[in-house]
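This report describes a single protein chain and its ligand. Please consult the sequence and the model shown below while reading.

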Amino acid sequence: MAIMTSSPTYLPVLERVAEEIGHTPGRGRSADYIPALAARDARAFGMAVAELDGTVYGVGDWREPFSAQSITKVFTLALDLAREGDELWEHVGREPSGNPFNSLVQLEYENGIPRNPFINAGALVVTDRLQTRTGDAAGELLGFLRAESGNPELDFDEEVAASETVNGDRNAALAHFMASYGNIDNPVPVLLEQYFRQCSITASCADLALATRFLARHGLRADGTRLLASRQAKQVNAVMLTCGTYDAAGDFAYRVGLPGKSGVGGGIIAVVPGRCALCVWSPGLDERGNSVAGVAALDRFTTLTDLSVF
Ligand code: DON
């Protein structure tokens, strides 16, 4: 399966993408419901590609650390699926929600089972289950990201985590509501602490593209061991495609044509199965919480290269 490469195959394309999107970085608004994120310059822009053999390169601010936020939901999903397998799907669905990432509205109709693992409710269920299995979900996630990126300096941002805790009423409501249906194992404060630490991890486009590589390698980690069966890597990619950008997932699939996952820090990861993993970052968000320049850059990348799953 592996297409081995040691040269930056797509670097000229990245350079062209950066040029073509012009002044798009700067459009949109940095997330301000977490005050520590609001300070980032919306004009920042970086994009990186990690090839299957670990060659990584990029353009712009591709080595600048930013708040990974909801991008981490992909990794906790993979880590939990690797441990418990299909039983997870009894506790969280895999249908697009058509609602904003922090919405409460479907949970009551659907008996405390969130639509998918990438809206906040679903991510809380996944982190809860990973916490039960490991005793330290956020630590497990950080260890994984350090290993896959080869960057031992990746860490939590305590200021961001504290900022989320102070502004965490909605996530607390989601967690308590699901606990009332018996769909949360751990005490809600323990779960929220793990979830906010998870979201606060700071990493660059280079780090996150490398960490996403296992999804382009059908489940194989950087050291050659297997995190996910090939079938499970396919499943995670499919859920990213249909649910990774919330109520904009249809538009993202239409424009980009790749499994992708966004975060309110302005990052988006994307996977070209069998080829490479990408990460783009620009803090200006559209009204659905996806990076304006990030989506535009991925749209240009897949259009210029014809690399898409379609
Ligand atoms: O739960 C929250 O509000 C954030 N820590 C994560 C949100 C996020 O990144 C959603 N993504 N677009």
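## A partly exposed loop residue with positive phi

The model is predicted. His-218 counts as partly exposed, because it has 19 C-beta neighbours inside 10 Å, where 20 or more would make a residue buried. His-218 belongs to the loop between α10 and α11. Its phi is positive, about 55°, although the residue is not a glycine. Most residues other than glycine have a negative phi.

Gln-69 offers a second case, with a positive phi near 50° in a residue other than glycine. Gln-69 sits in the loop between β3 (66-67) and α3 and is buried, because 25 other C-beta atoms lie within 10 Å. A further positive phi, about 65°, is found at Asp-306, just after α13.

## Surroundings of the ligand

The shell around the ligand consists of Gln-69, Ser-70, Phe-101, Asn-102, Asn-120, Glu-164, Asn-171, Cys-199, Ser-262, Gly-263, Val-264 and Gly-289. By class, these residues comprise 3 nonpolar, 8 polar and 1 charged.

The UniProt record, an unreviewed entry, assigns the feature "binding site" to Ser-70, Asn-120, Glu-164, Asn-171, Tyr-195, Tyr-246 and Val-264. Two of these annotated positions, Val-264 and Tyr-195, are described next.

## Two annotated positions

Val-264 is located in the loop between β5 and β6. It counts as buried because 23 other C-beta atoms lie within 10 Å. Beyond its neighbours within four places in sequence, Val-264 contacts Ala-31, Leu-37, Gln-69, Ser-70, Leu-285 and Gly-289. Among the residues around the ligand are Val-264 itself, Gln-69, Ser-70 and Gly-289.

Tyr-195 is part of helix α9 (residues 188-199). With 29 C-beta neighbours inside 10 Å, Tyr-195 is therefore classed as buried. Not counting residues up to four places away in sequence, Tyr-195 touches Leu-124, Thr-127 and Asn-171. Asn-171 is also one of the residues that surround the ligand.

## The largest nonpolar core

In soluble globular proteins, nonpolar side chains tend to be buried together. In this model, the largest nonpolar core has 100 residues, of which Met-47, Ala-48, Cys-205, Ala-209, Val-236, Leu-278 and Leu-298 touch the most other members. Helix α10 (residues 205-216) contributes the largest share of this core, 9 residues.

Ala-48 lies in strand β1 and is buried, because it has 28 C-beta neighbours inside 10 Å. Leaving aside neighbours within four places in sequence, the contacts of Ala-48 are Val-56, Tyr-57, Gly-58, Trp-62, Cys-205, Ala-206, Ala-209, Leu-278 and Cys-279. Trp-62 is 14 residues from Ala-48 along the chain, and the two C-alpha atoms are separated by 5.8 Å.

## Helices α11 and α13

Helix α11 covers residues 230-243, which makes 14 residues. From its first C-alpha to its last, α11 reaches 20 Å, close to the 20 Å expected at 1.5 Å a residue. Its buried residues are Gln-232, Ala-233, Val-236, Asn-237, Val-239, Met-240, Leu-241 and Cys-243. The elements covering them include α3 (72-84), α10, α12 (249-255), β5 (260-262) and β6 (267-272).

Helix α13 (residues 292-305) also has 14 residues, and its reach of 20 Å is close to the expected 20 Å. Since 10 of its 14 residues are buried, α13 is largely enclosed by the rest of the structure. The buried residues are Val-292, Ala-293, Gly-294, Val-295, Ala-296, Ala-297, Leu-298, Arg-300, Phe-301 and Thr-302. Their cover includes α1 (11-20), β1 (46-51), α12, β5, β6 and β7 (276-281).

## Leu-88 in the loop after α3

Leu-88 is found in the loop between α3 and α4 (105-109). It counts as partly exposed because it has 18 C-beta neighbours inside 10 Å. Apart from neighbours within four places in sequence, Leu-88 is in contact with Asp-80, Leu-81 and Arg-129. Leu-37, which is a contact of Val-264, is 51 residues from Leu-88 in sequence and 32 Å from it in space, C-alpha to C-alpha.

How values were computed
Residues numbered from 1 in each chain as written. Predicted model: local features only at pLDDT ≥ 70, side-chain atom pairs only at ≥ 80, totals over all residues. Near = placed C-beta within 6 Å. Nonpolar A, V, L, I, M, F, W, Y, C, P; charged D, E, K, R; others polar. Core = buried A, V, L, I, M, F, W, Y, C linked by C-beta atoms within 7 Å. Buried ≥ 20, exposed ≤ 12 C-beta atoms within 10 Å, placed from the backbone. Helix = DSSP H or I, 4+ residues; strand = E, 2+ residues; numbered from the N terminus. Expected span 1.5 Å × (residues − 1). Contact = placed C-beta atoms within 7 Å. UniProt positions renumbered as here; feature names shortened; annotations may be inferred.
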